[in-house]
There are 2 protein chains.
Amino acid sequence: MTGTTPAPRRRGRPPRAESAAAPAARDRILAAAREEFSERGYEKTSVRGIAKAAGVDSALVHHYFGTKEQVFQEAVEDVFAPALRAPDVIFEGAPEEIGERFARFLFGIWENPVTRTPLLAVMRSAVNNEVAASVLRRLVASQLLRRVAAQVGFPDAELRAELAASQLVGVAMLRYVIKLEPLASADVEVIVQRIAPVVQGHLTNP
Amino acid sequence: MTGTTPAPRRRGRPPRAESAAAPAARDRILAAAREEFSERGYEKTSVRGIAKAAGVDSALVHHYFGTKEQVFQEAVEDVFAPALRAPDVIFEGAPEEIGERFARFLFGIWENPVTRTPLLAVMRSAVNNEVAASVLRRLVASQLLRRVAAQVGFPDAELRAELAASQLVGVAMLRYVIKLEPLASADVEVIVQRIAPVVQGHLTNP
């Protein structure tokens, strides 16, 4: 059984011997970070709290991720992964239906409570904290919206992509966060039918 | 100078003798509440903090307003007053231009920093706290959106009014809160030109 007893934890960079267990510890920290940020929001979450939830020393969190902002960025990338890794077909199919494909894709993520909860937590954090907002801005703008804009043949393609996103974000706010009725209980298909042409219009209307 | 020396403050309902000064104290508390909620959001604001900022005893806050939720509701009504007291002409002018009138009216409020700041604070509070969300829901739904819906001759007028609002809320989120570029710096007139037809469409498209 030589070598299987874990060394006592200590501050500072983990010793090289820990490297074999690294991916597991890193994943555990990331899962804990998602959980903590989802539950408490950016401001109330601390690196110490994430470390505690993951059962590791704070130093290990700093070692793998750096600052709290950087842990948040990784957690958000993780949360947004389903959206950011949107299949190419959404962007590259018939241009006159990109609005519907984009809307259906995002509502698919929002309607599923498993993917919705962390997404809403990220939105809440961004609304309350400038650092969290800037992380969201970088990620969403540089990844998702740039892909949308690339399909739009207008000089103001970026503005158009953002206006399209604004319609989707607004529905998400009123339906899932503020829970305004009748919007909150309306059939998602009814909403997609109303929203898809708007998203399309923002992207491709002359 | 008899009677002008203020009596020492004490807990409990204010004595009747204070009534003459009541409007001033009430206004001071409301102003302090707006300030506190704007700065800290709903969750971090306390009745004690509002009382302190207004220079009165907490009991006086409870006396005039009741619970923290009720103070918040009054403060929000105050913040939303410009929007909730939208002139009739917005709703009662030519129906085919209600989208543009509604959009211009709301952007007028958002573009003015004096009216924007407390509005954003209310949005932030509502995103973070269910009590604040329910206050916003009641006020906006029962006052502003009902007036919009009343002008729409469809059975699903309420849903239409909420979808129209969702486009406006989404732009506000991305432009003023998340500050996504180029949307955040775009000329407001350009945005109104893009958004007004969408608002109109939600309200009156077949």
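Here are some notes on how the two chains of this predicted model sit together and on a few of its salt bridges.

1. Start with the big picture. Two copies of a chain are related by a rotation about an axis and a shift along it. Here, turning by 180 degrees, with a shift of 0.0 Å along the axis, lays chain B on chain A with an RMSD of 0.0 Å. The two copies are thus related as by a two-fold rotation axis.

2. Want a landmark for that axis? Look for B:Gly170. Among the residues of chain B, B:Gly170 comes closest to the rotation axis, with its C-alpha at 1.8 Å.

3. Now for the place where the chains touch. Of the interface residues of chain B, 100% are interface residues in chain A as well, so the copies meet through the same surface.

4. How many salt bridges are there over all chains? The count comes to 20. A few of them are worth finding on your screen, so the next points take them in turn.

5. Begin with a pair across the chains: B:Glu43 and A:Lys44 form a salt bridge, and their closest N and O atoms are 3.2 Å apart. B:Glu43 belongs to helix α1 (residues 22-44) of chain B, while A:Lys44 belongs to helix α1 (residues 22-44) of chain A, so this pair joins two chains.

6. Are the two partners in that pair buried or exposed? B:Glu43 has 40% relative accessibility, so it counts as partly exposed. A:Lys44, at a relative accessible area of 51%, is exposed, because the cut-off for that word is over 50%.

7. Next, stay inside chain A. A:Glu130 and A:Arg137 meet through their side chains in a salt bridge, at 3.0 Å from N to O. With a relative accessible area of 43%, A:Glu130 is partly exposed.

8. Then hop over to chain B, where B:Arg104 forms a salt bridge with B:Glu189, the closest N and O atoms being 2.9 Å apart. B:Arg104 is in helix α6 (residues 98-111) of chain B and B:Glu189 is in helix α10 (residues 188-204) of chain B, so the pair ties together parts that are 85 residues apart in sequence. Both ends are partly exposed: B:Arg104 has a relative accessible area of 35%, and B:Glu189 has one of 32%.

9. Finally, go back to chain A for a small puzzle. Which residues do salt bridges that share partners join into one network? They are A:Glu100, A:Arg104 and A:Glu189.

Notes
Residues are numbered from 1 along each chain as its sequence is written. Chains are lettered from A and ligands numbered from 1 in the order in which they are written. This is a predicted model: local features need pLDDT of at least 70, side-chain atom pairs count only at pLDDT 80 or more; totals for chains, interfaces and linings use all residues. Side-chain values use heavy atoms; hydrogens and water are left out. Copies are superposed by least squares on the C-alpha atoms of residues with pLDDT of at least 70 in both. Contact means heavy atoms within 4.5 Å. A salt bridge is a side-chain nitrogen of Lys or Arg within 4 Å of a carboxyl oxygen of Asp or Glu. Helices (H or I, at least four residues) and strands (E, at least two) are DSSP runs, numbered from the N terminus. Buried means under 20% relative accessible area, exposed over 50%, partly exposed in between (1.4 Å probe, protein chains only).
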